[in-house]
Protein chains: 2
Amino acid sequence: MKIMVLGGDGFCGWPTSLHLSEAGHEVLIVDNLSRRQIDVLLEVESLTPIAPLSERIATWAQVSGRTIGFELLDIAHDYDRLLQVLKEFAPDTVVHFAEQRAAPYSMKSPKTKRYTVDNNVSGTHNLMCAIVEAGLDTHVIHLGTMGVYGYGWSGTAPIPEGYLEVRVDTPEGDLAREILHPANPGSVYHMTKTLDQLIFAFYAKNDGVRVTDLHQGIVWGTQTPQTQRHPRLINRFDYDGDYGTVLNRFLMQAAIGYPLTVHGSGGQTRAFIHIRDTVRCIELACLNPPRSGDRPTIFNQVTETFRVIDLAKLIADITDTPIEHLENPRVEADENDLIVENRQFLELGLEPTTLSQGLLEEVQEIARKFVERVDASKIPASSKWRVAKP
Amino acid sequence: MKIMVLGGDGFCGWPTSLHLSEAGHEVLIVDNLSRRQIDVLLEVESLTPIAPLSERIATWAQVSGRTIGFELLDIAHDYDRLLQVLKEFAPDTVVHFAEQRAAPYSMKSPKTKRYTVDNNVSGTHNLMCAIVEAGLDTHVIHLGTMGVYGYGWSGTAPIPEGYLEVRVDTPEGDLAREILHPANPGSVYHMTKTLDQLIFAFYAKNDGVRVTDLHQGIVWGTQTPQTQRHPRLINRFDYDGDYGTVLNRFLMQAAIGYPLTVHGSGGQTRAFIHIRDTVRCIELACLNPPRSGDRPTIFNQVTETFRVIDLAKLIADITDTPIEHLENPRVEADENDLIVENRQFLELGLEPTTLSQGLLEEVQEIARKFVERVDASKIPASSKWRVAKP
């Protein structure tokens, strides 16, 4: 299968590209290297020392004998080249990771709010428009987020995989409909993913584009079997206040004896998935496309749910690190339940990596190993969700 | 009240600016004159001879003694200036018409699809972002469309004003929720309005911005009491295949003896409102803002519904013009019912102009009067909704 991976240099994109390459697919990475440029501007670095993309690709060729292509391209702002690359490569599948993916970064300033909307919406719309213009039957797999649903909307009812059955009173009796689950995004970043959903729904309906939208939980872990094959293949591990996700931040904080920073009570329940399962899910999605004319297929790409405070306690116990409660910068409920349906991927054969299996490995192999690379000044989360009025 | 009218040179924006000015409000028009530039590129003109905006404003000052300000500004691409103008003028209300508003134009080509998404989404998001950055308590009134609901979703049930009561089965029994009505846009243009809705919902929730979203029907008619006060104040009347709306196109076709072009069977039911009522609705919305912290207020800004074929027959009868059925370029049902709730504006005192009152006036005062300005070659609608695959 010919697969284009947009954002193939990123935290999820790179291990996905390797996984798909190893599985025998022809992979072309399209990336504008924006994630590395943002690191430069934020003056932070991945905890793990990541090689430049061309070195990564060359190393992969050495260890695997497989070639991955690379096209330096900004899909949000170079439509003509995107169209040309699509026509030339004629992918069976495009995996679309090419979005600004940090909620705190998206709330950092007016500039980052606007960048996130512009990059994510223009990128997604350009992709759909170009596939139609090129006349391709390409299957688009998009990395969405559990955050499109919001938290607590349905109380203790499980969150379905994208579509919700509702009933409406009408003069002629009950009307039953299956609708896209109502959106309730918690940040500008999450909001862009809810906009993406409507773009996909339109192009699926109007043009018959085949779309799979993966509503992913918080990804934890660092390595996959492929990224472990050589030090220059190592995956990114972010721990800073903008791009570090909660569990990876805890692991690194524990490694340097920094208190585990919990926002609010930590009663927020979130869904998680290991990076090893992310790459498997994406291959499963590649192999199981919807048909043209179908509405977008939506998977909840999650394997476990935890309360943030329980995660912190787990790591505090393993590593003997104290917990510190900080004010929550987000506009959200301090506590929520979360039950997520994820039957579709399990039925397709996914065998999840659970937290209890992977946690110690992460502490020892990543957080402690690269501890001397930590800049502790970058740990605090500085983005405020709501600006005090002057 | 200080009111900024974004897109104040347009078909709805200009008469709205005059109406608000006459009512004693301080009006500042912000416009990038994109609508006139698109006319240049499409090689079409308003049937009515419209004066340049500065002349319009000068004429209004002569006949009314009232001053309207004008700022030439592209809100989608000059954020810094938008922010500065907002800070300087500190509007109580911003009326946001500054969007590409023609469905056929939005489906004309990849370029116009992308222009529509970029202009509309960036413009709306820049506005919300700038109001928050400026620390203003400005009320945003946005011109949305009935098309966000799609047609036929709820069968014969009335379309509520923005929010729909639904029930969901849960393990603990029925869960009742009021949700934003599911979106089902029929073009890229309509899609952008569904994206706008989610942007408004987020900024209302996260930042307490006060938003009113007006889901407007198809506007017909040309003049308001203010635009009739001097020939140089005359409003725009579009009849071309891209920007001409169905009823105005019929009126002009009848005036030149061109068959009334009905797409498909004409069984599509649509909602309508006269331009005189549009401007009144907007003033009512200005005077009745939501409170900070409220979800966006949504009004259905419509007064009547008609099947397209019935409109054609009505005008055929008055004017003795034949009807011609053409293939429908849109991807939509050939027939639909449409019942629309519009109690909120009626309760606020709106007294609708009905089709039976205004139609003959339009035929005589506008369509026949300017008949020599018609370029009949611009009448056919050329945009295809779905491109044949190569």
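# Guided tour of a predicted two-chain model

**Stop 1: strand E8 of chain A.** Select residues 210-216 of chain A. Seven of the seven residues of this strand, E8, are buried, so the strand is largely enclosed by the rest of the structure. Keep in mind that the model is predicted. Now show the side chains. In a regular strand the side chains alternate between the two faces of the sheet. From E8(A), A:Arg210, A:Thr212, A:Leu214 and A:Gln216 point one way. A:Val211, A:Asp213 and A:His215 point the other way. Both sets are buried.

**Stop 2: the neighbours of E8.** Add residues 139-145 of chain A, which make up strand E5. E5 runs parallel to E8(A), and seven bridges join the two. Which residue stands opposite A:His215? Look at A:Gly144. Next, add strand E12, residues 297-301 of chain A. E12 also pairs with E8(A) in parallel, through five bridges. To find one of these pairings, click A:Asp213: its bridge partner in E12(A) is A:Ile298.

**Stop 3: a hairpin in chain A.** Move to residues 163-170, strand E6, and residues 173-180, strand E7. These two strands of chain A run antiparallel and are joined by eight bridges. They form a hairpin, with two residues between them. For a pair to label, take A:Leu164, which stands opposite A:Ile179 in E7(A).

**Stop 4: chain A as a whole.** Zoom out and colour by secondary structure. Chain A has twelve helices and 14 strands. Its radius of gyration is 20 Å, close to the 21 Å that the globule rule gives for 390 residues, so chain A is as compact as a globular protein of that length. Along the principal axes, its C-alpha atoms fill a box of roughly 65 × 55 × 50 Å. Of the 390 residues, 53% count as buried. Contacts reach far along the sequence too: among those in chain A between residues at least 6 apart, 83% join residues at least 24 apart.

**Stop 5: a loop residue of chain A.** Select A:Glu43, in the loop between helix H2 (34-42) and helix H3 (53-64) of chain A. A:Glu43 is not a glycine, yet its phi is positive, about 55 degrees. Is this residue buried or exposed? A:Glu43 has 10 C-beta neighbours inside 10 Å, so it counts as exposed.

**Stop 6: the two copies together.** Show both chains. Chain B superposes on chain A by a rotation of 180 degrees with 0.0 Å of shift along the axis, at an RMSD of 0.0 Å. That is the relation of a two-fold axis. Next, colour the contact: 47 residues come from chain B and 47 residues from chain A. On the side of chain B that touches chain A, helix H6 (110-134), strand E6 (163-170), strand E7 (173-180) and helix H7 (188-207) of chain B each supply at least two residues. H6(B) gives the largest share, twelve residues. By type, this side of chain B divides into 26 nonpolar, ten polar and eleven charged residues. Of the interface residues of chain B, 100% are also interface residues in chain A, so the copies meet through the same surface.

**Stop 7: the nonpolar core.** In soluble globular proteins, nonpolar side chains tend to be buried together. Here the largest nonpolar core has 208 residues. Those with the most contacts inside this core are A:Leu6, A:Ile131, A:Phe250, B:Leu6, B:Ile131 and B:Phe250. Centre on B:Ile131. Leaving out residues up to four places away in sequence, B:Ile131 touches B:Leu86, B:Leu136, B:Thr138, B:Val140 and B:Val209.

**Stop 8: helix H8 of chain B.** Select residues 246-256 of chain B. Ten of the eleven residues of this helix are buried, so H8 is largely enclosed by the rest of the structure. The buried residues include B:Phe250 and B:Met252. Their cover includes strands E9 (218-220), E10 (260-263) and E11 (269-274) and helices H10 (308-319) and H12 (355-367) of chain B. Now pick B:Arg249, which lies in H8 of chain B. B:Arg249 has 21 C-beta neighbours inside 10 Å, so it counts as buried. Not counting residues up to four places away in sequence, B:Arg249 touches B:Tyr239 and B:Gly244. B:Ala367 is 118 residues from B:Arg249 in sequence, but 9.4 Å from it in space, C-alpha to C-alpha. After the helix comes B:Gly257, with a positive phi near 70 degrees.

**Last stop: B:Asp320.** Find B:Asp320 in the loop between H10 and strand E14 (323-326) of chain B. B:Asp320 has a positive phi of about 60 degrees, although it is not a glycine. With 9 other C-beta atoms within 10 Å, B:Asp320 is exposed.

Methods:
Residues are numbered from 1 along each chain as its sequence is written. Chains are lettered from A and ligands numbered from 1 in the order in which they are written. This is a predicted model: local features need pLDDT of at least 70, side-chain atom pairs count only at pLDDT 80 or more; totals for chains, interfaces and linings use all residues. Two strands pair if DSSP finds at least two bridges between them. Helices (H or I, at least four residues) and strands (E, at least two) are DSSP runs, numbered from the N terminus. Copies are superposed by least squares on the C-alpha atoms of residues with pLDDT of at least 70 in both. Two residues are in contact if their C-beta atoms, placed from the backbone, lie within 7 Å. A nonpolar core is a set of buried Ala, Val, Leu, Ile, Met, Phe, Trp, Tyr and Cys residues joined through C-beta atoms within 7 Å. A residue is buried if 20 or more other C-beta atoms lie within 10 Å of its own, exposed if 12 or fewer, and partly exposed in between; C-beta atoms are placed from the backbone. Ala, Val, Leu, Ile, Met, Phe, Trp, Tyr, Cys and Pro count as nonpolar, Asp, Glu, Lys and Arg as charged, and the others, Gly among them, as polar. The radius of gyration is taken over C-alpha atoms; the globule rule is 2.2 Å times the number of residues to the power 0.38.
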